[in-house]
Amino acid sequence: MAAEEPLAVIMAAGHVKSLNKEDLVLIFKRKKMFWDDGSKIQPVNLPASNQSRRAFSQTVLGANPEELEKFWNDMYFNGISPPFVLLSDQAVLQFVAETPNAIGYVPYCKLNNHVEAVLFITAAGHISNDANSVTCSK
């Protein structure tokens, strides 16, 4: 499933880390809990019904949110909670901007100067670290 528009994986401005798809899988499956400097990673998701969440889950995690439910039930049984869920793109932008160790994703066209994009997910579902791989249609 591809997104209707490209997505940007974001971190707080000035706190950007170099990441790839494998890092995202580990972070958003809560198998990597700390950055290399020892600070706790704070991943955030959009609601399971959100088109951006569904595209992110399919592209990065290889399954839709419903298919990941058993995984999260098993993880929770082992004491690991899933990423926080925030209700809107604006909430994700604000949380990530105000939380130095946070990471999230929003539609690329909604980026602001309080966050920095570390990876891009094209509308076709390809992951890149090149901002030139995505464009806003607006």
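Asp89 touches Leu46, Val106, Pro107 and Lys110, leaving aside residues up to four places away in sequence. The model is predicted. Apart from the surroundings of Asp89, this briefing covers aromatic pairs, of which a search of the whole structure finds six, and a charge placed over a ring, that of Lys29 over Phe71.

**Asp89**
- Asp89 belongs to helix 4, which spans residues 89-98.
- The relative accessibility of Asp89 is 13%, so the residue counts as buried, the cut-off for that class being under 20%.
- Lys110, one of the residues that Asp89 touches, is also joined to Asp89 by a polar contact of 2.8 Å between the two side chains.

**Aromatic pairs**
- The whole-structure search gives six aromatic pairs.
- In the pair formed by Phe28 and Phe56, the ring centres are 4.8 Å apart and the planes stand at 65°, so the pair is edge-to-face; planes over 60 degrees apart fall in that class.
- Phe28 is in helix 1 (residues 21-28) and Phe56 is in helix 2 (residues 51-61), so this pair ties together parts that lie 28 residues apart in sequence.
- Phe28 and Phe56 are both buried.
- Tyr105 joins Phe28 and Phe56 in a cluster linked by ring pairs.

**Charge over a ring**
- Lys29 has its charged end over the ring of Phe71.
- The distance from that charged end of Lys29 to the centre of the Phe71 ring is 5.1 Å.

Terms used
Residues are numbered from 1 along each chain as its sequence is written. This is a predicted model: local features need pLDDT of at least 70, side-chain atom pairs count only at pLDDT 80 or more; totals for chains, interfaces and linings use all residues. Side-chain values use heavy atoms; hydrogens and water are left out. Rings of Phe, Tyr and Trp (its six-membered ring) pair if their centres lie within 6.5 Å; planes under 30 degrees apart count as stacked, over 60 as edge-to-face and the rest as tilted. Helices (H or I, at least four residues) and strands (E, at least two) are DSSP runs, numbered from the N terminus. Buried means under 20% relative accessible area, exposed over 50%, partly exposed in between (1.4 Å probe, protein chains only). A charge sits over a ring if NZ of Lys or CZ of Arg is within 6 Å of the ring centre and within 35 degrees of the ring normal. A polar contact is a pair of N or O atoms within 3.5 Å; within protein, one must be able to donate a hydrogen and the other to accept it, and residues adjacent in sequence count only if both atoms are side-chain atoms. Contact means heavy atoms within 4.5 Å.
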